[in-house]
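Biologist: I'm new to this one, could you walk me through it?
Modeller: Gladly, let's put it on the screen and start from there.
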Amino acid sequence: MEKVVIIRYAEIHLKGKNRSYFERVFAMNLERALRGIRHELHRTSGRYLVEKFPEGREEEIEERCLRVFGVHSCSIGLLVGSDMDALFEGVRLIAPQEGSFKVVTHRGYKKYPLTSMEISAELGGRLLESFPKLRVDVHTPENMVYVDIRENGAALVFCAFRAGAGGMPVGTSGKGLLLISGGIDSPVAGHMMAKRGLSLEMLHFHSYPYTNDGAKEKVFSLARILSVYTGCGRVCTVSVTHIQEEIHKKCAAELNVTLLRRFMFRIAERVAADLGCGCLVTGESLGQVASQTLEGMTSSNDVVRLPVLRPLVGFDKDEIIARAKQIGTFETSVLPYEDCCTVFLPEHPATRPKLSFIEEEETKLDVEALVEEALTTLERTSL
Ligand code: ATP
Ligand code: MG
């Protein structure tokens, strides 16, 4: 008999050849989540089992696995022999000793000599004999006891299911570049795309010395929290200080933000190409601020060929905040440090900038040279 953590995944995405790829990536992500805890990970028909871990670590293991995308649910249980005595020995250890209960048996191994009903009835009967304060309630039991008969004379017994993060294993949908600011939105956007199986690199723009190291540190903290879900262990940073100064000096003030965002996208596309990312991801939400209008998004899309994924586009701020709290980034996001967008912020930013006007203003800048120069400031930081 051995304590195990049972991990179930949603098999819905598994078609034909996809299956082994999906399972390989999924197993790798589980291994990464369990780094630092001695264990063995085994796959048995539609489930993974974490085995041979140090005593007392099961809850921590379950917690970590629950956050891995692709996990449908987890249970802490016992791996036991499938003969009736061994089953009962396990069930007796995990079952409640008073209150109402119900045994539910599932037979993955169909040649087992008893039916599921017979197994449940036998184990239920034995439990009632052992614990006089127990009673059976098949309709609304306070406690459940699950028995899962596997092949090769093995079985799993457990009492609870905990819901996992769902989604698809990170990496099975390719790789994207998340534009991460220190705000509330972009970490949530990253989390949402990672849930769809996108692996993420992260890029942050700063305006040192107008923004300080605290602002950068804040982004690193956010990236670190995100990395629990995405597994990505580094952030790229690029300075846009000179670009902002040039825009401020030479271009119409109401276009400051619009023009800066076009530079950000251009730079991001170059970084994405270097890192093998097939899309950009931002935390924009339609109409949230002046630059996030349809015209604003059109103007930034206009300078890149990569698709720009904006998973928050239809979300209210309240919904985004609720998610930020759930994933644990909110507290850090609201720390008071300046983002580069707030430096040189014009009093009346254009909400519906015309592409022709933007292009005209941009002719006052040496766009290519500024992009190249910014790229020389690129730094990669491991988290
Ligand atoms: P956030 O809460 O993510 O900062 P926001 O509501 O402040 O978003 P904007 O400042 O307009 O909105 O930024 C929109 C998106 O542009 C951000 O979600 C992020 O993806 C990207 N972005 C903004 N500032 C930066 C930055 N300094 N570095 C990298 N990406 C940025
Ligand atoms: Mg912001």
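Biologist: Where does the second largest pocket lie with respect to domain 1 and domain 2?
Modeller: Bearing in mind that this is a predicted model, the second largest pocket lies between the two domains, because domain 1 (2–163) and domain 2 (175–382) both give residues to its lining.
Biologist: What volume does the second largest pocket have?
Modeller: Its volume is about 290 Å³, and of the 17 residues that line this pocket, Arg32, Ala33, Ser227, Val228 and Gly231 are the closest to its centre.
Biologist: And which elements give two or more residues to that lining?
Modeller: Those are helix H1 (18–33) and helix H6 (213–230), with H6 giving the most, 4 residues.
Biologist: How many of the lining residues are nonpolar, polar or charged?
Modeller: The lining of the second largest pocket has 8 nonpolar, 5 polar and 4 charged residues.
Biologist: Switching topic, which residues have the most contacts inside the largest nonpolar core?
Modeller: Within that core of 33 residues, they are Leu177, Ile243, Ile267 and Leu280. Several elements give two or more residues to the core, among them strand S10 (175–179), strand S12 (234–239) and helix H7 (241–250), but the largest share, 10 residues, comes from H8.
Biologist: Is H8 mostly covered or mostly uncovered?
Modeller: Helix H8 is mostly covered, with 16 of its 20 residues buried. The helix runs over residues 256–275 and reaches 28 Å from its first C-alpha to its last, close to the 28 Å expected at 1.5 Å a residue.
Biologist: What phi does Gly276 take just after H8?
Modeller: Gly276 takes a positive phi of about 75 degrees there.

Definitions and conventions. Residues are numbered from 1 along each chain as its sequence is written. Chains are lettered from A and ligands numbered from 1 in the order in which they are written. This is a predicted model: local features need pLDDT of at least 70, side-chain atom pairs count only at pLDDT 80 or more; totals for chains, interfaces and linings use all residues. Side-chain values use heavy atoms; hydrogens and water are left out. On a 1 Å grid over the protein atoms alone, a cavity is a set of points where a 1.4 Å probe fits but cannot get out, and a pocket is an open set with protein on both sides within 12 Å along at least five of seven lines; lining residues have an atom within 4 Å of a point. Grid points are joined across faces, edges and corners, and a volume is the space filled by probe spheres set on the points. Ala, Val, Leu, Ile, Met, Phe, Trp, Tyr, Cys and Pro count as nonpolar, Asp, Glu, Lys and Arg as charged, and the others, Gly among them, as polar. Domain bounds come from an automatic or database domain assignment. The expected span of a helix is 1.5 Å times one less than its number of residues. Buried means under 20% relative accessible area, exposed over 50%, partly exposed in between (1.4 Å probe, protein chains only). A nonpolar core is a set of buried Ala, Val, Leu, Ile, Met, Phe, Trp, Tyr and Cys residues joined through side-chain atoms within 4.5 Å.
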